[in-house]
Amino acid sequence: MEFIASYGSMLVIIAAAVGFFMAYGIGANDVANAMGTSVGSKALTIKQAIIIAMIFEFAGAYLAGGEVTSTIRKGIIDAAPFAEIPELMILGMISALFAAGTWLLLASLLGWPVSTTHSIIGAIIGFALVAVGSEAIQWGKVAGIVGSWVVTPAISGFIAYLIFMSAQKLIFDTDKPLSNAKRFVPFYMGLAGFVMSLVTIKKGLKHIGINLGTVEGYALAIGIAVLIGLIGKVVISRMKMDPNADKQMQFNNVEKVFAVLMVLTACCMAFAHGSNDVANAIGPLAAVVNIVENNGEMAKKAALAWWILPLGGLGIVVGLAVLGKKVIKTIGEGITHLTPSRGFAAELAAASTVVIASGTGLPISTTQTLVGAVLGVGMARGIAALNMGVIRNIVVSWVITLPVGAALAIVIFYILRTAFGV
């Protein structure tokens with residue numbers, strides 16, 4: 001392959017740069033999913049949220065980011081038509097990353113929470129259409145992914161509704177909300193711990209060479225959940241509260257307990273998000289590296305180069321620190337009024353849905369999962385609790401993301417083809 005022999009290293013450097021740019025866009029736009037509810041409900045300040053997200057997003061991306069990557073890399077388009085002309089695949093993946101990163105940057109500046117998954121899938125479909133035609137696209141896979149965009153907000157909304165209503169029934173609507181909070185909140189903490197540890201065990205440990213069987217994995221997750229629940233019980237029993245205070249005061253104290261929980265679920269969500277969404281940046285990058293290393297051959301099963309996951313994790317962290325505030329505001333304050341208990345229900349539901357999706361290797365949109373969960377919590381208080389104007393803007397931005405990603409990728413692909421003379 002003369003093309004790869006001549007430009008190989010240069011192409012990998014360009015792909016790494018646009019991969020980093022895409023990860024930057026994910027950090028700027030998508031990390032609001034993990035932190036928006038915590039900031040909106042005043043459980044965390046924006047500064048604290050950004051520091052926590054940096055740690056857990058990077059950990060999730062680095063430890064657990066490998067599974068969904070393979071779906072993004074080889075699930076959406078069929079590599080066979082590109083076998084004769086691998087340079088088209090390389091330039092296409094570079095243009096897809098650049099296109100999706102550009103759209104995410106624009107949306108972040110406008111404060112729109114769009115889907116990074118939509119962006120990259122739209123971009124990949126766009127370049128494949130003009131590079132080899134519609135037969136290269138696995139429409140069945142695309143239909144499954146599009147279906148998940150409808151199903152996941154519905155699932156997470158339903159779970160959030162159930163969690164929030166259970167808290168209402170068990171704690172807020174009782175005569176003694178404070179003592180009931182002390183009794184039941186450790187169970188919620190245990191549940192959050194279970195979800196978080198399960199995704200780490202199932203997805204993350206494989207990449208550092210630890211393979212646990214299903215029974216051992218679940219046993220360990222349950223053990224961690226029990227430990228977190230017990231720690232929670234001790235922490236809550238030490239909080240100074242007056243059980244004879246009036247009901248409003250008791251409600252405020254209960255919300256303080258949920259604020260502690262919010263921090264736990266924010267970490268949980270950031271980790272789950274890092275593991276699921278880093279694939280959007282590193283999947284196409286991994287494809288380019290793979291083709292260049294194999295001198296134009298498209299290997300069916302390729303190991304991920306050691307530097308790719310950390311590069312994705314670093315890009316997410318930088319994007320979050322520089323540009324993360326705007327979208328955090330939209331999700332945390334724009335959709336509905338959030339208190340720590342409502343925010344907790346939304347976040348735990350979204351994290352659970354992301355865990356289920358990561359387990360099946362389906363690249364869902366975390367944005368839609370969380371917005372669905374926040375809507376579920378809002379619906380529990382009636383339709384009047386929702387800000388329909390903000391919701392309309394969010395839905396419009398979702399709808400245009402796929403075609404915008406595709407159009408940008410087509411333009412960039414033609415520019416690259418001309419530049420490299422392919």
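Let's call a residue buried when its relative accessible area is under 20%, exposed when it is over 50%, and partly exposed in between, using a 1.4 Å probe and protein chains only. By that yardstick His 118 is buried, because its relative accessible area is 4%. Before going on, bear in mind that this is a predicted model, where local features need pLDDT of at least 70, side-chain atom pairs count only at pLDDT 80 or more, and totals for chains, interfaces and linings use all residues. Residues are numbered from 1 along each chain as its sequence is written, and side-chain values use heavy atoms, with hydrogens and water left out.

So where does His 118 sit, and what does it touch? Its place is in helix H6, residues 116–131; helices here are DSSP runs of H or I with at least four residues, numbered from the N terminus. Contact means heavy atoms within 4.5 Å. Setting aside neighbours within four places in sequence, His 118 is in contact with Trp 149, Gln 368, Trp 398, Thr 401 and Leu 402.

Now for the greasy part. A nonpolar core is a set of buried Ala, Val, Leu, Ile, Met, Phe, Trp, Tyr and Cys residues joined through side-chain atoms within 4.5 Å. The largest one here has 127 residues, and those touching the most other members are Met 35, Ile 77, Phe 82, Phe 127, Val 185 and Phe 258. Helix H10 (residues 247–293) supplies the largest share of this core, with 23 residues. Phe 82 makes a good spot to zoom in: beyond its neighbours within four places in sequence, Phe 82 is in contact with Ile 77, Leu 88, Met 89, Phe 127, Ala 128, Ala 131, Val 132, Ala 136 and Met 298.

Next, the helix pairs. Axes are lines fitted to C-alpha atoms, for helices over the stretch in contact, and angles run from 0 to 180 degrees between N-to-C directions. Angles under 35 degrees count as roughly parallel, over 145 as roughly antiparallel, 65 to 115 as roughly perpendicular, and the rest as oblique. For residue classes, Ala, Val, Leu, Ile, Met, Phe, Trp, Tyr, Cys and Pro count as nonpolar, Asp, Glu, Lys and Arg as charged, and the others, Gly among them, as polar.

Take H2 and H10 to begin with. They pack at an angle of about 165°, their axes 8 Å apart, and that makes H2 roughly antiparallel to H10. From H2 the contact draws on Asn 33, Ala 34, Met 35, Thr 37 and Ser 38, while H10 brings Met 262, Ala 266, Met 269, Ala 270 and His 273. By class that is six nonpolar, four polar and no charged residues.

H2 (residues 32–40) also has helix H14 (residues 366–379) for company: their axes come within 9 Å and cross at roughly 25°. H2 and H14 are therefore roughly parallel to each other. Ala 32, Asn 33 and Thr 37 in H2 meet Thr 366, Thr 367, Leu 370 and Val 374 in H14, which splits into three nonpolar, four polar and no charged residues.

What about helix H1 (residues 2–30) and helix H11 (residues 308–323)? Their axes come within 6 Å and cross at roughly 45°, so the two helices are oblique to each other. The contact includes Phe 20, Tyr 24 and Gly 27 of H1, and Gly 312, Gly 315 and Gly 319 of H11. Across the whole contact there are 13 nonpolar, four polar and no charged residues.

The loops on either side of H2 are worth a look too. Val 31 is found in the loop between H1 and H2, and Val 31 is buried, with a relative accessible area of 0%. Not counting residues up to four places away in sequence, Val 31 touches Ile 26, Ala 53, Glu 57, His 273, Ile 316 and Leu 320. Lys 42 lies in the loop between H2 and helix H3 (46–64). Lys 42 is exposed, with a relative accessible area of 66%, and has a positive phi of about 65° although it is not a glycine.

Two residues within helices finish the tour. Ile 13 is found in helix H1 and is exposed, at 61% relative accessible area. Lys 233 lies in helix H9 (residues 214–238) and counts as partly exposed at 45% relative accessibility. Leaving out residues up to four places away in sequence, Lys 233 touches Lys 182 and Pro 186.
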